[in-house]
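User: I would like a close look at one part of this protein, the charged side chains that pair with one another, together with whatever surrounding detail helps to place them. Please take the time to go through it carefully.

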Amino acid sequence: MNPKITKTLSILSVVLFIAALAVSLFSDISQAGFLWIGFFFICAIAFLGTPKLKGYAYSMMIFGSVTLALYFPQYFIEYKDFKFSELIVPLIQVIMFGMGTSMSVKDFLGVVKMPKGVLIGVFCQFSIMPFIGFALAKLSGFPPEIAAGMILIGCSPSGMASNVMSYLAKANLALSITVTSITTLLAPLVTPFLMGWLAGEFIAIDVVDMMFSIVKMVIIPIGAGLIFNYFLQGKSKWLDDLMPIISMAAIALILVIIVAAGRDSLLDIGPILIIMVISHNLAGYVLGYWASRLFKLSERDCRTIAIEVGMQNGGLASGIAKEMGKIATVGLAPAVFGPFMNVSGSILASYWHKKPIENEN
């Protein structure tokens, strides 16, 4: 991007921020909607032209999308009797298909090449976050369905965002991809079991129905993506370039739909939910890292597992909430977790990127 354009957008974003803050503080925050939306989206564009901030562009776009849904929910709930929530599962399937097209048998060979790291990563993923989610749900005092959403995001596998952050953090990218792939494929069995066990006291969980829902959203599209990649590997570079953009846009749209549907509940309990979600996410990084240290993994592997544990597949959790028919309640915690996870993950990856790993090959 032209430096002059980047500079102009940066100045404009500062002006919008000051104006939005002034209107919010001295007038009515409900009047500041366009200013906040403009600030986030212009920041996202400006960040793309700034090397040091480029990694935060997507996070700003996510915040802009969430703000858009909060201020103008009526445009993202339904149109002529068509409920936009019906798009969530197909969008998840598109994201999972994209994940499948980027995978190959090599991603699973990591189990053989580095079994200790993979086993510890998978174990930490499906133990640390579910139990933290359960503890926070018990402490929160939230309505049962919203509390169950905190457990749901904890019981979900890691997502593709963790692979990007592992790369930026100079962690073990091969281990990250392998753990993401295996936890995602285990999700149809493990996630419903954990939800039935931990969230069962909050809401009724149909474990079998949830298994079939996850198979439909995860296994089938990933399988289709793997087959596509096997037969057309190297012949569809345009798709390889396009799928990450489509996936990011799909995640943003899913968040908009969920936030719009659950806007009233989110405004009622928003600050407390945000605190709980931040605690959940940060605890995942810390406990994932130190659990790996306890098992004497290398620094690179510890960083990898910390990111894998702390960053969940919020899109899949949202799809499960939709299949449960509780997108406006169970889906709220995943909707809040996703944007913050991207910001915290970017900050952590940037910190580790600048911190050299000593005494390791």
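Is Arg-303 buried or exposed, and what is its relative accessible area?

Analyst: In this predicted model, Arg-303 is buried, with a relative accessible area of 1%. Its side chain is nevertheless paired, since Arg-303 forms a salt bridge with Glu-299 in which the closest N and O atoms are 3.0 Å apart. Both residues belong to helix H14, which runs over residues 299–310, and they are four residues apart, which is about one turn of the helix. Salt bridges with shared partners join Arg-293, Glu-299 and Arg-303 into one network. The other link in this network is the salt bridge between the side chains of Arg-293 and Glu-299, at 3.4 Å from N to O.

The members of the network differ in how they are covered. Glu-299 has 15% relative accessibility and therefore counts as buried, the cut-off for that class being under 20%. Arg-293, at 39% relative accessibility, counts as partly exposed, whereas Arg-303, at 1%, is buried.

A further pair involves Asp-264 and Arg-263, which form a salt bridge with their closest N and O atoms 3.9 Å apart. This distance falls within the 4 Å limit, so the contact is counted as a salt bridge. Asp-264 is exposed, with a relative accessible area of 57%, while Arg-263, at 25% relative accessibility, counts as partly exposed. In total, the count by this rule comes to eight salt bridges, among them the contacts of Arg-303 with Glu-299, of Arg-293 with Glu-299 and of Asp-264 with Arg-263.

For the surroundings, helix H13 covers residues 263–294 and is one of the helices that each supply at least two residues to the lining of the second largest pocket. H13 provides the largest share of that lining, namely eight residues. The pocket has a volume of about 700 Å³ and is lined by 22 residues, with Val-66, Thr-67, Leu-70, Leu-266 and Ile-274 lying nearest its centre. By class, the lining consists of 18 nonpolar, three polar and one charged residues.

Two other charged residues may be set beside these pairs. Lys-80 lies in the loop between strand E1 (78–79) and strand E2 (82–83), and Asp-81 lies in the loop between E1 and E2 as well. Lys-80 is exposed, with a relative accessible area of 69%, and Asp-81, at 75% relative accessibility, also counts as exposed.

How values were computed
Residues numbered from 1 in each chain as written. Predicted model: local features only at pLDDT ≥ 70, side-chain atom pairs only at ≥ 80, totals over all residues. Heavy atoms only, no water. 1 Å grid on protein atoms, 1.4 Å probe; cavity = no way out; pocket = protein on both sides within 12 Å on 5 of 7 lines; lining within 4 Å. Points joined across faces, edges and corners; volume = space filled by probe spheres on them. Nonpolar A, V, L, I, M, F, W, Y, C, P; charged D, E, K, R; others polar. Buried < 20%, exposed > 50% of the residue type's maximum accessible area, 1.4 Å probe, protein only.
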